[in-house]
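User: I'm new to this one, so please zoom in on a single pocket for me. Once that's clear, give me some context from the rest of the chain.

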Amino acid sequence: MNRLADATSPYLLQHKDNPVDWWPWGEEAFAEARRREVPVLISVGYASCHWCHVMAHESFENDEIAALINEGFVAIKVDREERPDVDAVYMTATQAMSGQGGWPMTVFATPSGEPFFCGTYYPRPTFAGLLRSVTKAWSEQRDEVIKQGAAVVTAIGGAQLAGGPTAPISAELLDTAATRLAAEHDERHGGFGGAPKFPPHMNLSFLLRHWQRTGGARSLEIVRHTAEAMARGGIYDQLAGGFARYSVDAHWTVPHFEKMLYDNALLLRVYAELWRLTGDPLSRRVAGEIVEFLTTVEGGSGGFASALDADTDGVEGLTYAWTPDQLRETLGEQDGDWAADLFAVTTEGTFEHGTSVLRLARDIDDADPAIVARWRDVRTRLLTARAGRPQPAVDDKVVAAWNGMTVTALAHYAMLLDAAERAVPADLAVRAAELLASVHLVGGRLRRVSRDGVAGSPAGVLEDYGCVAEAFCAVHQLTGDGVWLERAGMLLDTALERFGNGAGGFFDTADDAEKLVTRPADPTDNATPSGMSSMANALIAYSALTGETRYRDAAEAALRTIAPIADKHPRFTGNSLAAAEALVSGPFEIAVVTENPDTDPLVAAARRLAPPGAVVVAGRPDQPGVPLLADRPMIGGTATAYVCRGFVCDRPVTSEEELAATLR
């Protein structure tokens, strides 16, 4: 075993038996490089990454490659999900030097951590030659190599400087962003761009809010088209629910089979919102099935696992792909042929070796009840049979930000359901929030990860503070418990103090965090929401729930820093644009005072009709710790709704019709 044997990261533990003498990230590794006067090899990946597994098998498990690494380098293995700050710094360098990025990421750096050569996956022969070339260059041209590293650090550090251009958030900017997104929409298959195609969850959330505010039919059309295409495609698990990370094609047919928690959290929110606003039965079904999937990745401590692996026993799709003969063998000839037609399983196959990924080729959601019953029966039998196959590995670490997104989505979905249906998603949300509060919150500061109910050492980054604070605001709305609002405020105060850049924006790491070669500060949304956009959404919700305007001011200042990018490149700022829609809309603050918040129809109406980004709180008058219920009595002893917009309030109403008119 090497030094990774005691790691908590499942990714690092995958490499504990490599012949490579791996070190975990830390000063001790760089001190060893300085002592030996050798460069550092930094390898960054994550547990469910297919090409990380390939490079590990080809190179890191190979004795010849290990000998080259051990002799010429200090080798550091990094889980990019545990240390997104480290990943961000070296990904910026990799993209700058090679024009592209991805994982596994392979970085050669000086003993001070300055990158001088970066890349991604290398086949073993290429990697062996690269190791020899870098060793030779370090031996014979060390001064030039060190100068190159310093130049790279200067270049990537310049991208993080505060004080860039700003612009006000306005309805015009949001309309322009929606128009630009519409121009990039794939009219045939939905989504944006070509292969590989990723679920555009944040852009869909923005477009839904834009449609709700403006009534612009084009925004809703894009969301409907994309949501249905994804839900019918192979990127969606037609048997167990949940979305894969992306499709390798432009038409959602063949996924890259890993399932990431953050995708499913963000997509749960999209489908739940689409159902709330339109009554679309497909969206309701998919939202419920995502919750079913989430129950399978919830750990005993209450948190949700990070990911399911792309591979099973080293083979992509082994768990998920089917042939017509396999369907007949499982279901019998008649149901097997019916299922092959329903799920578009052909003899030619859509995947590898004549197998197919299940897609939904027929309409189920508006079908005859007998057809729906048959589909449910077939789905259950196939899922039972699939459970007997080898299963993908689970990365069971709990990431604070991703669990925060999941809690927020579950809480908002639960609030749309009646009391009987609400129990499962509400319980999942509260259990995960309690884990975040009891395990990840240590001495008033967030820890990035935990495993088996024990917090890891990596400090929380900006996205952790934003996503968890927003989650606590959502649980406050779900439960009416003031402790969640108090916790959210504490996190936001810490983030404003420790992460702000003095010009309205934020760094991704705290001012007292471990010093890296540069301090990362990326305001754009990528696979997950940026820390800045996460903070903006949390600040807006907290301000609306408490009436404290300084948090709204902080959100507006942050969004002004991203506005110039959002105006030109809306695909990379969807979460910020969704936050901006809430600001332009109000956001509305809706308080319903009632003796029966779980069953009162006025509460259900408030949640169903809420404008973009609105907060909704329900409970008894003057409930402790709930500012929106303070000094608001029930009129005539009946449930009463108080609607405010930007801290300016309308007269209270007591009927669903009056509430609908007020919100219009």
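Analyst: A word on labels first: helices (H or I, at least four residues) and strands (E, at least two) are DSSP runs, numbered from the N terminus. The model is predicted, so local features need pLDDT of at least 70 and side-chain atom pairs 80 or more, while totals for chains, interfaces and linings use all residues. Residues count from 1 along each chain as its sequence is written, and side-chain values use heavy atoms, without hydrogens or water.

Let's go to the second largest pocket (on a 1 Å grid over the protein atoms alone, an open set of points with protein on both sides within 12 Å along at least five of seven lines; a cavity is a set where a 1.4 Å probe fits but cannot get out, and lining residues have an atom within 4 Å of a point). This second largest pocket comes to about 550 Å³, a volume being the space filled by probe spheres set on points joined across faces, edges and corners. Its lining takes in 32 residues, and those nearest the centre are Glu82, Arg83, Ser457, Pro458 and Ala459. Three elements put two or more residues into that lining: strand E3 (74-79), helix H5 (84-98) and strand E15 (445-446). E3 is the biggest giver, with three residues. Sorted by class, the lining has 15 nonpolar, six polar and eleven charged residues (Ala, Val, Leu, Ile, Met, Phe, Trp, Tyr, Cys and Pro are nonpolar, Asp, Glu, Lys and Arg charged, the others, Gly among them, polar).

Now for the enclosed spaces. The structure has five cavities of 30 Å³ or more. The largest cavity holds about 720 Å³, and 40 residues line it, with Arg209, Arg269, Thr408, His412 and Glu470 nearest its centre. Elements supplying at least two residues each to that lining include helix H9 (201-214), helix H11 (261-278), helix H16 (400-414) and helix H18 (462-479). The class split there is 23 nonpolar, eleven polar and six charged. The second largest cavity has about 140 Å³. Of its 16 lining residues, Gly234, Tyr236, Asp237, Tyr320 and Val357 sit closest to the centre, and the whole lining divides into ten nonpolar, three polar and three charged.

Two single residues make handy landmarks. Pro529 is in the loop between helix H19 (482-499) and helix H20 (531-546). Pro529 is buried, at 3% relative accessible area (buried is under 20%, exposed over 50%, partly exposed in between, with a 1.4 Å probe and protein chains only). Beyond neighbours within four places in sequence, Pro529 is in contact with residues including Met202, Leu266, Met405 and Glu463 (contact means heavy atoms within 4.5 Å). Pro529 and Tyr262 are 267 residues apart along the chain, yet their C-alpha atoms are separated by 9.3 Å.

Thr662 belongs to helix H24 (residues 656-663). With 23% relative accessibility, Thr662 is partly exposed. Leaving out residues up to four places away, Thr662 touches Val643, Asp650 and Val653. From Thr662 to Gly119 it's 56 Å, C-alpha to C-alpha, across 543 residues of sequence.

Finally, step back to the protein chain as a whole. It has 24 helices and 21 strands, and its C-alpha atoms fill a box of roughly 85 × 65 × 45 Å along the principal axes. Of its 664 residues, 58% count as buried. Among contacts between residues at least 6 apart in sequence, 69% join residues at least 24 apart.
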